[in-house]
Each structure stands twice: as structure tokens, then as C-alpha cells.
Amino acid sequence: MKDIYERLLAAASLRSADGAIRIVSEYEPLAGMGTPLFPPTVKAKETNAAGYLVEPRYVDGDETQVVLLDQPQSQANRCETALLDSVKRREAFIPHLEMVTDSHGVPVRMTSLEAPHRSRDAYFRDSVDGAGTKFDETEPGAALRDASAGDLSAYLRLVPSDLAYGVWDSHRKRRIQVKIPRSYRSEMIGIKPLVGVRAAGRVDRLNLAGDTVELTDAGWAPSTSEKPKKGVKTARMSELGHGMIPPSEGLGGVSVTAVQRSASLSLAKLAMLRFGNASEELTAAARALVGAIALLGDRLAFSAPALHLRSGCDLLMVSERIEWVQRGRDGSPLLEPLELATPQEALELFGIAVDRACGAGLRWASDPLVVHPNPSLQQAIDKSYVIAGVGEAESE
């Protein structure tokens with residue numbers, strides 16, 4: 001593993017022939033090839049109806065229709081969740097922010113590995129430290145706020161995973177906003193999709209009538225008149241989760257010939273990371289550390305034999321290759337296997353990277369940076385935990 005680290009150390013600063021690390025995996029549906037998978041649904045522009053993201057791509061040199069099963073943003077979130085789980089298991093520690101509170105007796109936590117915009121999210125902008133100081137006015141908050149492309153040392157020290165997965169400080173008004181492109185990218189596609197249909201409905205054993213009812217503060221009550229009184233809110237019984245819903249045609253998933261996951265770690269992106277006045281030794285070690293975090297997240301999230309993306313989309317891995325991609329000759333890159341198949345190997349590589357960076361002068365935290373919501377954010381959180389009567393049932 002030390003040899004792999006030394007190679008990563010040189011590659012992350014483009015001091016070798018290596019230009020990228022690729023991970024290519026093949027999957028099939030858990031129930032066997034040909035059984036339907038359910039991609040994420042989106043609204044089609046033309047019809048405003050639900051649909052799947054299908055587009056033409058070149059696969060093995062041929063123009064082929066593919067369906068997107070998991071987008072790069074979603075894949076990055078899976079890696080971050082896996083990293084956070086590893087932190088909770090005390091296998092490794094990655095510095096991160098953590099907003100902590102409670103609402104109506106329920107503990108509430110939000111970390112920078114979960115927040116929609118990572119460490120630059122509005123959750124942290126609208127938080128305070130233990131003394132009540134606005135987060136952006138604390139030492140760490142100001143350091144993140146004032147970071148620039150030429151000095152990302154605050155990110156390295158406080159939220160290093162942001163350097164792997166990318167972040168955009170779009171919640172703070174600045175003429176020059178910090179935009180860090182992702183170094184790690186992964187997506188999953190299905191090849192040659194055939195879109196199916198299914199009939200979705202609901203059976204009610206008591207077959208309650210689908211009458212219109214009146215909504216009240218206590219819930220709902222049968223309407224006492226044929227025409228509801230003015231100002232009284234009403235709903236159909238089926239909208240409240242009661243009664244029969246006759247089957248209707250809906251999206252039935254897709255059948256594909258193959259499922260592929262393609263991930264890459266851009267060594268050129270790592271080489272662009274700058275850390276102010278840091279020494280050359282620390283700069284090189286920091287870039288390698290960010291690369292090790294990306295590889296650890298990938299192995300924690302995707303090395304298992306089976307993968308659950310969402311309801312109706314469970315997959316079984318059938319092959320995988322991890323490789324160094326080198327400067328090519330005769331029109332093709334040179335590929336060499338990278339022996340990093342398991343989370344345990346990735347954890348060992350990560351440990352070496354942390355030790356080397358700390359030896360070069362990096363301050364590596366051992367606990368998350370904890371903040372608390374300000375009164376306005378706390379009020380909004382409390383509102384989310386209040387049950388305010390009966391709501392309409394979501395579509396199934």
C-alpha cells in the first residue's frame with residue numbers, strides 16, 4: 001500500500017505518466033438480466049409528465065440509447081454517506097461541520113457530508129457557535145468564507161471532502177464566489193433501455209366510499225351537506241388514504257442489456273489545488289490526501305457485491321476493474337491495474353495519506369466542528385417536526 005501511496009503522491013501533482021484513475025463496474029438486476037429496473041423520474045419538458053432520462057451515447061463505438069440510473073451528484077452523495085458511516089464506526093476520521101440541535105424532543109443533526117451544498121450550505125450560514133457568534137464570523141467560518149482558488153487551506157483543514165466532491169459557495173454574496181470542481185466523478189447507466197408500463201392502484205378491504213369530506217383541526221369529518229360551506233376545506237377520501245383507487249397506467253421501469261458504472265479521479269484536478277504559502281511537501285501530500293479520500297469514499301460505497309439505488313433498483317456486481325490511466329501512445333492510453341478493491345485497503349491508503357500530510361505540517365482534527373441553528377433556523381426546524389392535521393396522500 002505504501003507503493004500505491006507513493007505513486008498517488010506523484011500522480012496527484014502530475015509528476016508522473018499517470019493522468020487519471022478509472023473504476024469500471026458491470027452490474028445486473030438482482031432478480032436477473034431482463035427484469036425491470038426503476039431509474040429516477042424527471043418531468044419531461046414537452047409534456048410536463050414523469051419520465052426517465054434517456055439519451056444517445058457511443059457505447060463500444062456504436063451510437064446507443066442509454067438510461068441514466070444514477071447521476072454524478074447522487075453517486076457523490078452515496079460516497080459521502082459511506083464516509084460518514086465510517087466515521088461513526090470509528091474506522092477513520094474526516095474533518096467536517098456538524099449542526100446539532102433538538103426539536104420537540106427529537107435529536108437533529110446535519111453534517112457537511114449530508115447538507116445539499118456541503119460546507120457552504122445555508123444550514124451552516126444560519127448557524128452560530130456555542131457563544132452565539134455567527135458561524136461566518138468565527139475563525140473557522142471566516143477562513144472558509146475568505147478562501148480562494150489560490151488558498152484552499154481552510155477547506156483542507158476543516159472540510160477536505162469538499163475538495164474531492166466539489167462545492168460552490170452560492171449562498172453568500174461575493175463578487176468572486178468560490179467554485180471548486182469535483183475531482184471524483186461517477187455515474188451509472190443502463191444500456192439499450194426498453195421502457196415498460198405498469199398498472200398502479202390501491203385495494204381497500206372495507207371499500208370505503210370515495211366521498212368528499214371536510215378537513216378540520218382534529219382531522220376530517222363526513223360532509224353534512226351536498227355542497228360544502230364557504231371557506232371549509234374539503235378533500236376526497238382517496239386523497240386522505242382511504243377507499244379504492246382503480247388501476248391506472250404508469251411508468252413500469254426499464255429493461256436493459258447491461259448496467260455500467262464509470263468512475264474517475266482526475267489527477268489534473270487534484271494538481272490544480274493550491275494551499276497558499278504551504279510548502280511543496282505539504283501541497284503534494286494534501287493533493288494525495290484528497291485523492292485518498294475520494295478513493296476511500298468509492299470503495300466504501302461501491303465495493304460491496306450488491307447495491308441498492310432506490311426502490312425497484314437493486315443490483316448485483318458481476319465485474320469490476322480499477323486502473324491507472326497513463327499517457328498513451330498510438331492513439332490509446334496505457335492502463336495498469338490498481339490493487340485497491342476493498343474498503344480495508346482504501347482505509348490503509350487513507351491512513352498513510354493522513355500521516356504523511358500531518359508530517360508535512362497539516363493540522364488534522366479529531367472531532368467535528370459543532371455549531372447550532374440560529375433562532376430563525378431553529379424555528380423553521382421546529383415547524384418541520386410538527387404534525388399539522390391530515391394531509392393528502394402522495395401518489396404511489
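Leu307 is buried, with a relative accessible area of 9%. The value comes from a predicted model. It falls under the 20% limit for burial. Leu307 belongs to strand 18, which covers residues 306–310. Beyond its neighbours within four places in sequence, Leu307 is in contact with Tyr27, Met188, Ala301, Phe302, Cys313, Asp314 and Leu315. Ala288 is 19 residues away from Leu307 along the chain. The C-alpha atoms of these two residues are separated by 28 Å.

Ala288 itself takes part in a helix contact, as one of the helix 8 residues that touch helix 9. Helix 8 spans residues 280–302, and helix 9 spans residues 343–359. Their axes come within 9 Å and cross at roughly 160°. Angles over 145 degrees count as roughly antiparallel. Helix 8 and helix 9 are therefore roughly antiparallel to each other. Their crossing is left-handed. On the helix 8 side, the contact is made by Leu282, Ala285, Ala288, Leu289, Ala292, Ile293, Leu295, Leu296, Arg299 and Leu300. Helix 9 contributes Pro343, Ala346, Leu347, Leu349, Phe350, Ala353, Val354, Arg356 and Ala357. By class, the contact residues comprise 17 nonpolar and two charged, with no polar residue.

Strand 1, residues 18–29, pairs with strand 19 and with strand 17. Strand 19 covers residues 313–329 and runs antiparallel to strand 1, with 11 bridges joining the two. Strand 17 covers residues 258–266. Its pairing with strand 1 is also antiparallel, over eight bridges. Arg22 has a partner in each of these strands. Opposite Arg22 stands Glu323 in strand 19. In strand 17, the residue opposite Arg22 is Ser264.

A further set of strands forms an open sheet of three, in the order 14-13-15, with antiparallel pairing. Strand 14 (219–222) and strand 15 (234–236) are the edge strands, each pairing on one side only. From one strand to the next, the twist averages 45°. Strand 13 comprises residues 212–216. Three bridges link strand 13 to strand 15 in the antiparallel sense. Within this sheet, Thr212 stands opposite Arg236 of strand 15.

Terms used. Residues are numbered from 1 along each chain as its sequence is written. This is a predicted model: local features need pLDDT of at least 70, side-chain atom pairs count only at pLDDT 80 or more; totals for chains, interfaces and linings use all residues. Side-chain values use heavy atoms; hydrogens and water are left out. Two strands pair if DSSP finds at least two bridges between them. Helices (H or I, at least four residues) and strands (E, at least two) are DSSP runs, numbered from the N terminus. Axes are lines fitted to C-alpha atoms, for helices over the stretch in contact, and angles run from 0 to 180 degrees between N-to-C directions. Angles under 35 degrees count as roughly parallel, over 145 as roughly antiparallel, 65 to 115 as roughly perpendicular and the rest as oblique. A crossing is left-handed if the near helix is turned anticlockwise from the far one by less than a right angle, and right-handed if clockwise. Contact means heavy atoms within 4.5 Å. Ala, Val, Leu, Ile, Met, Phe, Trp, Tyr, Cys and Pro count as nonpolar, Asp, Glu, Lys and Arg as charged, and the others, Gly among them, as polar. Buried means under 20% relative accessible area, exposed over 50%, partly exposed in between (1.4 Å probe, protein chains only).
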